[in-house]
Amino acid sequence: MGTPSSHEDDFDRVLRETQGLIRAHIAGMGVRSDEIDDVAQEVYLDYAQHPERRPADVEVLRWLRGMARNCCHEYFRRRAKQAKHLVAICDTISSASEDELPGENDLQEAKLAALHECLERLNLPHRELLTRYYHDGRTAEELAASQGRSVGAVHMVLSRLRETLRRCLLGQLGTAR
Amino acid sequence: MNDALLAFFSHRNDMTAEEAAAVLQVLAGDPALCRWLRDQLEMEDLLARMLQPERADFVNRIHAELHRGRDSERFVARVRELVSSDRAAMRVRAASTQARVKPAPRLARPRRFWLSPWSIATAASLAVMLTAVVVVANRPAIRHQVLQGDIIVGNANVRDIPDGSNFTVAGDAPAVVRLGSGSQAEFSPASTASIRSASHAASPVVQLDAGSGDFQVGQGGQELRVETSLGTITSSGRDGAFTATFNEEPATSAGAAQPGDHGAPVTAHRTGVLTVTVHTGSAHVEVKGKRQVILADEMRVFSMVGGTLTDERSVRGALKSLNPSGPVASVSVSDHATGLTSIPIGPNTTVLINGAPAAATDLKLGEHVDVRVSKEAGSVASLILVKRSTPKKPDPTHAAANAAANGIATAPPAPH
């Protein structure tokens, strides 16, 4: 079943314009960061194969977010031990969050660019901690053991660093929430 | 951050019912906390995207997956054409059969064409073909992403290793491969292996033919299995990590530098050495039906000829002499209990300094070594373990300096 090239162009444009936002949306529903792209891939492959399913009066971004939510539910059903609870948590977080503006995908990319500068402002041990956790894939337990801290303390530091970076980003981008 | 959210960040997919219910309880009715959590999760994603360069290629990843999908769609379309041709042929056959049939008496029950042997056979063929079409159409191609380094499949350098294909690590740098279920493997140069998975979600199985790999179980904690022709290593748990080194040599060459030949014939067998080092968690090693558990920070060497697991001997003490080359290559270790012990070394000797593969020339006289020796009918396999207080990966340039300091000729490190 070949897709006409105009459809391919449309899909490519949609993919490029929305992927950052959809991946962030999936992250925000609680999917682990190393599996976000797998879930996002399901969303886009399904959309590419069945674009006709989207009602004409539903904008693409809203449709993709709905698909992402369904894929997240499916992900939790397959991967989480307490699937029902995780699905409920996912919906609770989603429902409490305000809708993103249509242009926010650009903001996602801008955040990514600004994050470099914000990271540079952190002190070296904190940068190393983030690198070891997010780049090297070390677990909090391993970091705790190597630093002589509790696992909870490591998570607390990571949480504070994320909050610091978020505030830095908001300052850099001139927005506030 | 309260304890409920700590569990969520720590192991959300493996939370107990109580932990998950507690998370739900603290979030319910607190939109501000929900927004805070969402911000935290989105920041996690941003950080992961920035610090994991392989995630920057998402758009190309989707296009590649779509392209693969279209290949299978074209195949399905061809099969469907064949099926429809077969239906047309069936209609022609049915029509010609009916034309030859003598008109039945008015009250006689008309003969139904689908009861004929031809029709039944055709219907059965159609059912088989349609089942094949459905199975093929619904089975996505499984590939294993190369995150770093050069991997050769056949004669081609690939970025995705097809499931079940043999591959070799090219160049001087190790290659990092993402396995299914979030696990990861770093193969040393010249390693040959293949990876197979029953499905995208299934636990991967690595067939390590030769070389070495550092294996890290994914955060999902699914089982990771590494198979060699000598034995199988299995690790599970969220933080499981181990190194497996396997080299298989013809017994004739392996035994060349080894004393201790008890006169048993060795030319008919191949011999191999499997070294397993567990960094975190634990691993099960099974060799010819014998199962052993290796815990974190433990290393074990297995060697076998003719299907017999050999006995191990452990010698610990100070390195007194080092003669890494020549017909009587050996090290001597001094300990309080047994005095001076001389241990032959050769192609089946593995040296690990702080867990990293090294050459015998990297050893320093006087330092504490832990030597495991496995004797076989035709050869001796040994593992020399050194833990130095300042972890530092051996540098090839230091090897020459050490060799010079020890008064010995520099030999190239044995391939791992």
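Mentor: A salt bridge is a side-chain nitrogen of Lys or Arg within 4 Å of a carboxyl oxygen of Asp or Glu. The model is predicted, so local features need pLDDT of at least 70 and side-chain atom pairs count only at pLDDT 80 or more, while totals for chains, interfaces and linings use all residues. Residues are numbered from 1 along each chain as written, chains are lettered from A and ligands numbered from 1 in the order written, and side-chain values use heavy atoms, without hydrogens and water.

Trainee: How many salt bridges does the rule find across the interface of chain A and chain B?

Mentor: There are 4 across that interface, and the structure holds 22 over all chains.

Trainee: What makes the meeting of Glu44(B) and Arg162(A) a salt bridge?

Mentor: Their side chains come to 3.4 Å, N to O, which is within the 4 Å of the rule, and the pair therefore qualifies.

Trainee: Which helices of chain A supply the side that touches chain B?

Mentor: Helices here are DSSP runs of H or I with at least four residues (strands, E, at least two), numbered from the N terminus. Helices 1 to 8 of chain A each supply at least two residues, and helix 1 gives the most, with 12 residues. By class, this side of chain A has 28 nonpolar (Ala, Val, Leu, Ile, Met, Phe, Trp, Tyr, Cys and Pro), 22 charged (Asp, Glu, Lys and Arg) and 22 polar residues (the others, Gly among them).

Trainee: What is the area buried between chain A and chain B?

Mentor: The buried area (accessible area, 1.4 Å probe, lost on putting the two parts together and summed over both) is about 6,200 Å², with 58% of it given by carbon and sulfur atoms. Of the area that chain A buries against chain B, Arg32(A), Tyr134(A) and Arg162(A) supply 10%, more than any other three residues. In terms of contact (heavy atoms within 4.5 Å), 72 residues of chain A and 55 residues of chain B take part.

Trainee: Why is helix 4 of chain A called roughly perpendicular to helix 3 of chain B?

Mentor: Their axes, fitted to C-alpha atoms over the stretch in contact, lie 8 Å apart at an angle of about 100 degrees, on a scale of 0 to 180 degrees between N-to-C directions. Roughly perpendicular covers 65 to 115 degrees (under 35 is roughly parallel, over 145 roughly antiparallel, the rest oblique), so the pair earns the term. Thr92(A), Ile93(A), Ser94(A) and Ala96(A) meet residues of helix 3 of chain B that include Pro31(B), Cys34(B) and Leu41(B), and the contact has 6 nonpolar, 2 polar and 2 charged residues.

Trainee: How do you know that helix 6 of chain A and helix 3 of chain B are roughly perpendicular?

Mentor: The axes cross at roughly 85 degrees and come within 9 Å; the angle falls in the range from 65 to 115, and these helices are therefore roughly perpendicular to each other. Tyr134(A) is one of the residues of helix 6 in this contact, and Glu44(B) is one of those from helix 3.

Trainee: At what angle do helix 6 and helix 8 of chain A cross?

Mentor: They cross at roughly 105 degrees, with axes that come within 11 Å, and are therefore roughly perpendicular as well. Tyr134(A) and Arg162(A) are among the residues making this contact.

Trainee: Why are Arg13(A) and Glu17(A) separated by about one helical turn?

Mentor: Because they are 4 residues apart in helix 1 of chain A; their side chains meet in a salt bridge at 3.5 Å, N to O.
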